[in-house]
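Visitor: Could you take me in for a close look at a single part of this model, please? I'd like to see how neighbouring pieces meet and which side chains are tucked away.

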Amino acid sequence: MEPTTVPGAQAVARAAHLLRLVTASGDLGGSLQELARAAELSRSTAHRLLSALRAEGLVDQDDATSRWMPGPELYLMGTVAAARYDITALARDIVRSLAVKTEESAFLSVRRADETVCLLREEGAFPIRSFVLSEGVRFPLGVASAGLAILAFLPDHDVDAYLDRHPDLADRWGRSHREKQLRTRLGETKERGYAINPGLIVEGSWGIGAAVFDRQGRPEWALSLTGVEFRFGPDRMAELGRTLLAHAHQLSSRIANARR
C-alpha cells in the first residue's frame, strides 16, 4: 500500500520555509536571489511563492530595494499566538539582569522543531560585541550555544533521531560539527550544566548557553551570552557559567509557577 500524501503539502512546506527565511533576514530583508538559494528553489518558483505570500499580507516587498521582509499579517498572527507561546514578558527582566551583571550580550532563544530562534537580545556594557545572534536569527540545534544546551538535555532517543535527520551538519557548519565531536560537546554540556561555543560559528566570537525548562522538565528555551574570545578565559568562564545557570534556573521556576 502506497503512503498517503496530502495534496499541496509540498507547496505549503516550500512557502513556510521561505517565510522563515524572510523573518530571519533581519531589518534589511532578503533579496530574491538570497532567498531562492537558501531555500534551494529556482528564482521563478521562489518569486511565485513570495508573490502569493505577499498577496496574503504575510510578506512585503520594499519598493526601493525590492528586498522581501515580513508582512503585516504576521504581526497580527503573532499577537494572537503570543498569549500561548511567548514568554518574553516573563523573561525580559531576567535577560536584562544577565546582560547587566556580566556586561556581555545576553539572549533568550526558543526551540522550534530542530532549530532555535532568538527572541530577545540585551546589550551589555562592554563596548566590543558579537553580532552573530539577534532577534529572529535561527540556528540548528547543536550549533550555537543555546541549541547545544537544549539538545544536551533532550532524551537520548531524541538526540539520536535528530542526528539521524541531520547528517549534513558538518558540511554546513564545519568539521567540528561531526557527530563524534558533537556528542562529546553534548556530554560535556550535561556534566558542566551549560554549553560552550568556542568560536565555532565565527572565529573569535564565543558563547555560552544554559537550557530553560518547561513545567514538564523539557528544555524548550535557552539563555545565552556571547562576546569576544578574551572575555571568556577559564577563570571568568566559570563565573559566567554560574551566573548564567542561576538566571536560567530563575526563569525555569518563573515559567513553572506562571498562571496559564
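**From a loop to a helix pair**

Guide: In this predicted model, Ser 31 lies in the loop that runs between helix 1 (9–23) and helix 2 (32–39), and that makes a handy place to set out from. Ser 31 has a relative accessibility of 18%, so this residue counts as buried, the cut-off being under 20%. If you set aside its neighbours within four places in sequence, Ser 31 is in contact with Arg 67 and Trp 68.

Now step into helix 1, where Leu 18 has its place. With a relative accessibility of 0%, Leu 18 therefore counts as buried too. Again leaving aside neighbours within four places in sequence, Leu 18 is in contact with Leu 35, Ala 39, Leu 41, Ala 46, Leu 49 and Leu 50. For a sense of scale, take Leu 18 and Asp 235: 217 residues separate them in sequence, and their C-alpha atoms are 43 Å apart in space.

With that, we come to the part I'd most like to show you. Two packed helices are described by the angle between their axes and the distance between the axes. Helix 7 (residues 156–165) and helix 9 (residues 179–192) pack at about 150°, and their axes are 12 Å apart. Angles over 145 degrees count as roughly antiparallel, so helix 7 and helix 9 are roughly antiparallel to each other. The crossing of helix 7 with helix 9 is right-handed. On the helix 7 side, Val 159, Asp 160 and Leu 163 make the contact, while helix 9 brings Glu 179, Leu 182, Arg 183 and Leu 186. Sorted by type, the residues of this contact are 4 nonpolar and 3 charged, with no polar ones.

Let's stay with helix 7 and look around its axis. Its buried residues are Val 159, Tyr 162 and Leu 163. These residues cover an arc of only 95° around the axis, and so they sit on the same side of helix 7. Turn to the other side of helix 7 and you find His 157 and Asp 164, which are exposed.

What do the buried residues of helix 7 pack against? Their partners are strand 5 (138–140), helix 6 (145–152), helix 8 (169–173) and helix 9. Val 159 and Leu 163 are thus worth a second look on your screen: both are among the buried residues of helix 7, and both take part in the contact with helix 9.

Conventions: Residues numbered from 1 in each chain as written. Predicted model: local features only at pLDDT ≥ 70, side-chain atom pairs only at ≥ 80, totals over all residues. Heavy atoms only, no water. Axes fitted to C-alpha atoms, helices over the stretch in contact; angles between N-to-C directions. Helix = DSSP H or I, 4+ residues; strand = E, 2+ residues; numbered from the N terminus. Parallel < 35°, antiparallel > 145°, perpendicular 65-115°, else oblique. Left-handed = near helix turned anticlockwise from the far one by under 90°. Contact = heavy atoms within 4.5 Å. Nonpolar A, V, L, I, M, F, W, Y, C, P; charged D, E, K, R; others polar. Buried < 20%, exposed > 50% of the residue type's maximum accessible area, 1.4 Å probe, protein only. Arc of directions from axis to C-beta.
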